[in-house]
Amino acid sequence: MDRIGFVFPGQGSQKVGMGLDLAGEHPDLVGPYYRTADEILGLPLSRLCWEGPAEVLRDTSITQPAIFLTSLCTWQSLRPRGLAPDIVAGHSLGEYTALVAAGVLEWTDALRLVRLRGQLMAAVNARVPGAMAAVLGLPLEDVEAICAQAVTGTGQIVEIANDNEPAQAVVSGQAEAVQWVMAAARDAGARRAVPLEVGAPFHCSLMSEIEDEFAAALDAVEFRDPVVETVSSVTAAPVTTAAEARTALKRQLTGRVRWTETVAGMSAAGVDRFIEIGPGKVLGGLCRRIAPTSRVFATFDSRQCASTLDALAFAAGG
């Protein structure tokens, strides 16, 4: 069917300097988006995106709105060229940008939500220090079994946080249990088992203590029915109503990211061109491995945006 899917990245794609050259080429974005975001949040978010320092940008309460804002402005820079998605999805945090692109949320509401989301997640980590790790080269069911063994062996929480692609899972939980999983995964033949530099143990039951507070914030915001076909990465299912979108974001805090199923479903629905909108190129690599016959494009800087637009225009022209 030759459809276009926009995929929006989540935490881990941040980089000092992200969005700077794009803002230089599109100064019309600076006032309405970057400066407005600074004023809404009461912090120099635009400067942190463009100049860092890296250690501040890694703070999850900063990382989340920074990635959201960069992805939002990347999408806005592409719209005048007529590039529009048939389907959108976002990886974890990226789902907020996807919902803005689908007309479900106002961007200013989404910005406030991701800032609060990051602050609440960081607070959990301060109370119960956690960790995350990526396991590469083992089937998901093997990693699930190792997690169950780690819980029994340590008495701590560790769960699958991300099913990123068929040979890559991310686990999340308390530090000792995550270390146990990494060691056991290596013994089981994993190609790699590496800790991730993150600000909290995302997408596991440790986040349950902030669910009520964040649910109240979601309930205070207006959600609309999507005007673009949308897939939730927490259910890997279509989101067709405002209520479904709100529920998906509530489930995100403790639910795993089902990225393999999400991309496979988009491919089955006719998407053969995936465009990663925002910083980094992690999702593009995942999409290639999940849907190997698809074409994948990136937009992580102004040069790559121009290359993607040219390639898609060339393809459209035959």
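This section describes the nonpolar cores, aromatic pairs, helices, strands and selected buried residues of a predicted model.

The largest nonpolar core holds 72 residues. The members that touch the most others are Phe6, Leu45, Phe68, Leu69, Leu105, Trp107 and Phe223. Among the elements of the structure, helix H5 gives the most to this core, with 9 residues. A second core, apart from the largest one, comprises 21 residues, including Ala131, Val143, Met182 and Ala184. In soluble globular proteins, nonpolar side chains tend to be buried together.

Helix H5 spans residues 60-78 and has 19 residues. From its first C-alpha to its last, H5 reaches 27 Å, close to the 27 Å expected at 1.5 Å a residue. Since 19 of the 19 residues of H5 are buried, the helix is largely enclosed by the rest of the structure. Leu45, one of the core members with the most contacts to other members, touches Ile62, Pro65, Ala66 and Leu69, as well as Ala37, Asp38 and Leu111, when residues up to four places away in sequence are not counted.

Ser46 is placed in helix H3 (residues 45-51). Its relative accessible area is 1%, and the residue is therefore buried. With residues up to four places away in sequence left out, Ser46 touches Tyr34, Arg35 and Asp38. Asp38 is also among the residues touched by Leu45.

A search of the whole structure finds 3 aromatic pairs. In one of them, the ring centres of Phe6 and Phe8 are 6.4 Å apart and the planes lie at 75°, so the pair is edge-to-face. Phe6 has a relative accessible area of 0% and is buried; Phe8, at 0% relative accessibility, likewise counts as buried. Another pair is formed by Tyr33 and Trp107, with ring centres 5.2 Å apart and planes at 50°, so this pair is tilted. Tyr33 belongs to helix H2 (residues 30-41) and Trp107 to helix H7 (residues 107-127), so the pair ties together parts that are 74 residues apart in sequence. Both Tyr33 and Trp107 are buried. Phe6 and Trp107 are also among the members of the largest nonpolar core that touch the most other members.

Pro9 is found in the loop between strand E1 (3-8) and helix H1 (20-25). The residue is buried, with a relative accessible area of 1%. Pro9 and Val282 are 273 residues apart in sequence, yet their C-alpha atoms are 7.7 Å apart in space. Not counting residues up to four places away in sequence, Pro9 touches Ile67, Ser71, His91, Leu93 and Gly94, together with Glu276, Ile277, Gly278, Pro279 and Leu283.

Gly94, one of the residues touched by Pro9, is among the buried residues of helix H6. This helix covers residues 94-101 and is mostly covered, with 8 of its 8 residues buried. The buried residues are Gly94, Glu95, Tyr96, Thr97, Ala98, Leu99, Val100 and Ala101. Just after H6, Gly103 takes a positive phi of about 80°.

Glu95 of H6 is buried and is also in contact with Ser232. Ser232 is located in the loop between strand E7 (229-231) and strand E8 (238-239). Its relative accessible area is 1%, and Ser232 is therefore buried. Within the loop region, a polar atom of the Ser232 side chain lies 3.2 Å from the backbone nitrogen of Val234. Leaving aside neighbours within four places in sequence, the other contacts of Ser232 are with Ala237, Val239, Ala248 and Thr262.

Strand E5 (residues 168-174) is mostly covered, and 7 of its 7 residues are buried. E5 pairs with strand E3 (residues 130-136) in the antiparallel sense over 7 bridges. In this pairing, Ser172 of E5 is the bridge partner of Met132. E5 also runs antiparallel to strand E4 (residues 158-165), to which 6 bridges join it. Here the bridge partner of Glu165 is Gln168 in E5. E4 and E5 form a hairpin, with 2 residues between the strands.

Conventions
Residues numbered from 1 in each chain as written. Predicted model: local features only at pLDDT ≥ 70, side-chain atom pairs only at ≥ 80, totals over all residues. Heavy atoms only, no water. Phe/Tyr/Trp six-rings, centres within 6.5 Å; stacked < 30°, edge-to-face > 60°. Buried < 20%, exposed > 50% of the residue type's maximum accessible area, 1.4 Å probe, protein only. Helix = DSSP H or I, 4+ residues; strand = E, 2+ residues; numbered from the N terminus. Polar contact = N/O pair within 3.5 Å; in protein donor to acceptor, adjacent residues only side chain to side chain. Contact = heavy atoms within 4.5 Å. Expected span 1.5 Å × (residues − 1). Pairing = 2+ DSSP bridges. Core = buried A, V, L, I, M, F, W, Y, C linked by side-chain atoms within 4.5 Å.
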